[in-house]
Each structure stands twice: as C-alpha cells, then as structure tokens.
Amino acid sequence: MRTAPVPKPYILGIHAYVPGKATASDGRALIKLSANENPLGSSPAALAALAEERGADTIDAASYPDPSANALRAAIAKLHGLDAERIVCGTGSDELLNLAAQGFAGTGDEVLFSRNSFAVYDIAARRCGANPIEVTDRAFIANVDAILNAVSERTRVVFLANPNNPTGTWLEPSEVRRLHAGLPGNVLLVLDEAYSEYLDPANQIDGFTLAAEHENVLVTRTFSKIYGLAAERIGWATGAPGLIDVLNRIRGPFNVTVSGQKAALAALGDQQFVAESRVHNSAERARFIEAIAALGNHGLSAVPSEANFVLVRFQGSVTAKAALNAIAEAGYAVRHLPDEQLSDALRITIGNSDDMVRVTATLRKLCGEEA
Ligand SMILES: *Cc1c(COP(=O)(O)O)cnc(C)c1O
C-alpha cells in the first residue's frame with residue numbers, strides 16, 4: 001500500500017517557474033533588471049490609492065473584494081473601447097493563461113507555442129495534462145507557417161506572446177491575422193499582450209479587433225509591466241462571451257484583491273504615467289541597443305526589441321555566464337535562461353538611466369573597451 005498521495009504524472013513533468021533572481025551568490029541584494037518590472041515604479045495615483053486603502057482609519061481587511069471587479073472592468077472597457085461583459089480579471093494574467101489552457105485542453109490534447117517564448121505556456125499545458133508542443137521560431141520571431149504546420153487534430157490552444165518574452169521580438173499584425181486565419185475555428189488563439197503598451201503607438205496590434213470579431217481569440221493584458229503594479233497581481237482578458245464564460249466558471253471567485261482593484265483603477269486613470277514609461281523605455285532601449293551594437297566585434301548582439309527588455313547574445317570570447325557574473329558584481333541581476341536554448345544570451349530589463357549606464361559600462365569593460 002502506498003503511504004502518500006500520488007501526484008498526476010503530468011504534474012511531475014512540470015519544471016516549476018524560476019523567477020528572476022534578486023541576490024548575488026554571496027547573498028548581496030542586487031538591483032533587479034531580471035523581471036521586466038517598471039523602473040519608474042508605479043503611477044503616483046495608484047500608490048495614493050494603495051496608501052488610502054491601507055490607511056489605519058479606513059482599513060477593512062475582513063471583507064471580500066468585488067468578485068466581478070465591476071468598476072475595474074468598466075474602466076478597462078472605457079479606455080480600450082471594449083464591452084465590459086467581454087472582460088474577465090485575473091490574479092495576474094498568469095492565472096488567465098493557465099485557465100485558458102485548462103478550459104479548452106486536457107489529457108492527450110496539444111497546446112502549441114513558439115520556441116523561445118514565455119515559460120508559463122509549458123506549465124499551463126502540463127497543468128491540465130495536455131502535451132506542450134514547442135514550434136521552431138525564425139530569428140527569435142514566431143514562425144506562422146511553422147505554427148500552422150504543427151496544428152493537428154489534437155490541437156486545442158495556441159499561445160502567442162506579442163511582443164514576445166524573452167526575445168522582445170514582435171509579430172506584425174498581418175502575420176497575427178494570417179496565423180488566426182489559418183487556425184481551425186475550434187482552436188483557441190491566446191494573444192498574450194503583456195508588453196503591448198510598450199509598442200510604438202504607430203505599431204499597435206489589433207488583438208482587440210480579432211477578439212471582438214471571432215469566437216476563438218482571447219487577448220490577455222496585465223498591470224504588472226508598464227502599469228508598474230506587479231506586486232498587486234492583476235491581469236485581464238477579453239474575448240467572445242463563450243470564452244469569458246468558461247474563464248469565469250473556473251477562476252478564483254475573489255481572484256483580484258481589494259487593493260489590486262483600486263490600484264489598477266487609479267493606474268488606468270493615469271495614462272500620462274503610461275506614456276512616460278513608454279517614452280523612457282524606448283529612449284533607453286535604443287541607447288542600450290546602440291551600445292551593444294558597438295560591441296559587435298566582441299561577439300555581442302542585441303535581438304531587436306519592442307518590449308521593456310533586450311535579449312543580448314554573447315557569441316565571442318565573452319560568454320553570457322561571464323557577463324552575468326560581471327553584471328552581478330556591478331550590483332545588478334539580469335536573466336540567464338539556459339534551459340530555454342538561450343544559454344548564450346542574457347535578458348536585460350531596461351532600467352532607469354543610471355542603471356543602464358552602469359550595465360553598459362560593465363559590458364564594455366568586460367570586452368576590454370574603455371568604460
Ligand atoms: C510578465 C508577463 C506576463 C504577466 O504576468 P502577470 O501574471 O500578469 O504578472 C504575461 N505574459 C508574458 C509573456 C509576460 O512576460
């Protein structure tokens with residue numbers, strides 16, 4: 001007789017998500033450029049909402065939050081011109097990505113996603129017993145033809161991060177439409193737009209349009225990145241009523257906290273902070289990519305990025321591991337993703353200007369160039 005509960009074999013196939021590090025090997029605290037957080041912090045309006053929520057006089061920790069996040073959904077709908085009935089909020093978009101897989105895929109089914117994309121997709125597939133199918137990419141960009149070729153009778157869900165993490169690359173709207181058009185109607189296309197607010201406004205993607213016009217497109221967004229509210233765990237998704245209904249059946253009933261709902265609502269109202277964050281990011285990102293390009297003769301290169309991070313490759317005598325250590329020595333944590341076929345690369349979040357100057361100087365020094 002067994003003396004302990006037996007986990008599902010497909011659960012034991014999951015490699016637990018490894019979050020970005022915040023300490024050096026000697027335990028020293030590092031500045032995190034490893035989790036794609038907003039270096040400008042959060043909107044002052046969101047912080048004020050949190051402070052008010054936590055104020056000693058008014059605190060009510062005993063009451064559940066609004067289970068439907070009605071005020072927040074209404075504000076999201078208004079900002080983006082969507083129907084609030086077609087929106088569901090989640091404990092981060094992470095919850096919604098997992099529910100999308102769970103709601104539509106199960107044992108023996110297939111969940112497709114591009115190689116070198118978000119680590120959560122593999123976990124989301126395995127959590128519900130489905131087979132994760134990784135499709136080859138092309139120059140770190142999702143390859144629509146390869147994804148469509150990989151679709152089988154068992155395919156239930158396709159995940160696409162756009163812009164993509166950890167590569168920062170972007171799939172243009174015509175390619176996203178071509179991907180959707182090539183999928184059978186019974187395959188759910190999840191467009192994970194966690195970094196979409198970082199796109200140049202001229203490059204906006206039309207995920208919302210696809211989600212409004214088709215029954216098999218779900219778009220997810222998050223307050224964790226440009227809105228700077230990762231600590232509060234708030235994400236949302238929009239799609240056809242049938243999709244939202246499924247997610248509402250299986251989500252946590254009180255899945256967004258009182259403070260999270262208030263902070264997100266206030267953050268939505270401060271689009272100036274969003275715009276400032278975008279402008280800061282694109283200026284620092286361009287400067288950083290230029291600095292990496294100048295180290296090209298040492299084997300360094302930057303993958304073109306539309307997000308708030310840059311994947312830097314090390315294909316010369318300076319290895320990614322050596323750069324990781326030197327950057328840690330300088331006080332910063334960046335992301336090395338050796339399990340994702342990217343052992344020669346580091347994903348570096350765009351920090352504030354001082355951070356980027358120091359990281360750049362560290363890399364230049366490591367390459368034997370004057371800092
Ligand atoms: C950061 C990130 C998310 C957002 O996760 P939350 O759970 O909303 O914090 C979703 N997708 C991708 C690709 C990400 O990088």
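The paragraphs below walk through the pockets of this predicted model, the ligand and some backbone features.

A useful starting point is the empty space in the protein, since rolling a probe the size of a water molecule over the atoms shows where such space is left. The largest pocket found in this way has a volume of about 940 Å³, and its lining is made up of 39 residues, among which Val18, Arg335, His336, Leu337 and Asp339 lie nearest the centre. Several elements each supply at least two residues of this lining, namely the strands β3 (110–114), β11 (332–333) and β12 (335–337) together with the helices α5 (120–127) and α12 (320–329). The greatest contribution to the lining of the largest pocket comes from α12, which gives 5 residues. Sorted by class, the lining of the largest pocket holds 17 nonpolar, 10 polar and 12 charged residues.

The second largest pocket has a volume of about 590 Å³, and of the 30 residues that line this second pocket, Tyr17, Ala35, Phe118, Lys225 and Arg233 are the closest to its centre. Here the helices α4 (92–104) and α5 each supply at least two residues of the lining, with α4 giving the most, 5 residues. The lining of the second largest pocket divides into 12 nonpolar, 9 polar and 9 charged residues.

Which of the pockets provides the space taken by the ligand? The ligand takes up the second largest pocket, where the residues surrounding the ligand are Gly92, Ser93, Asp94, Phe118, Asn165, Asp192, Ala194, Tyr195, Thr222, Ser224, Lys225 and Arg233. Phe118, Lys225 and Arg233, which belong to this shell, are also among the residues closest to the centre of the second largest pocket. As in the lining of that pocket, where α4 gives the most, α4 gives the most to the shell around the ligand, in this case with 3 residues. By class, the shell consists of 3 nonpolar, 5 polar and 4 charged residues.

Within this shell, three side chains can be followed to oxygen atoms of the ligand. A polar side-chain atom of Tyr195 lies 2.6 Å from a ligand oxygen, and a polar side-chain atom of Asn165 lies 2.7 Å from a ligand oxygen, while an N or O atom in the side chain of Lys225 is 3.3 Å from an oxygen atom of the ligand. The ligand on its own has 380 Å² of accessible area, of which the protein covers 92%.

Asn165 also leads from the ligand to the backbone, and the general background is that most residues other than glycine have a negative phi and that most peptide bonds are trans. The peptide bond from Asn165 to Pro166 is cis, with omega near 15°, and Pro166 is placed in the loop between β5 and α7. A cis peptide bond also runs from Asn162 to Pro163, with omega near -5°, and Pro163 likewise lies in the loop between β5 (155–161) and α7 (173–182). The loop between β5 and α7 thus holds Pro163 and Pro166, and the ligand contact of Asn165 is made by the residue that precedes the cis bond to Pro166.

A further backbone feature is found at Asn116, whose phi is positive, at about 60°, although Asn116 is not a glycine. Asn116 has its place in the loop between β3 and α5, two elements that each supply at least two residues of the lining of the largest pocket.

Note on methods. Residues are numbered from 1 along each chain as its sequence is written. This is a predicted model: local features need pLDDT of at least 70, side-chain atom pairs count only at pLDDT 80 or more; totals for chains, interfaces and linings use all residues. Side-chain values use heavy atoms; hydrogens and water are left out. On a 1 Å grid over the protein atoms alone, a cavity is a set of points where a 1.4 Å probe fits but cannot get out, and a pocket is an open set with protein on both sides within 12 Å along at least five of seven lines; lining residues have an atom within 4 Å of a point. Grid points are joined across faces, edges and corners, and a volume is the space filled by probe spheres set on the points. Helices (H or I, at least four residues) and strands (E, at least two) are DSSP runs, numbered from the N terminus. Ala, Val, Leu, Ile, Met, Phe, Trp, Tyr, Cys and Pro count as nonpolar, Asp, Glu, Lys and Arg as charged, and the others, Gly among them, as polar. A residue is near a molecule or strand if one of its heavy atoms lies within 4 Å of it. A polar contact is a pair of N or O atoms within 3.5 Å; within protein, one must be able to donate a hydrogen and the other to accept it, and residues adjacent in sequence count only if both atoms are side-chain atoms. Accessible areas come from the Shrake-Rupley method with a 1.4 Å probe; for residues, only the protein chains shown count as cover. A molecule sits in a cavity or pocket if more than half of its atoms lie within 2 Å of its grid points.
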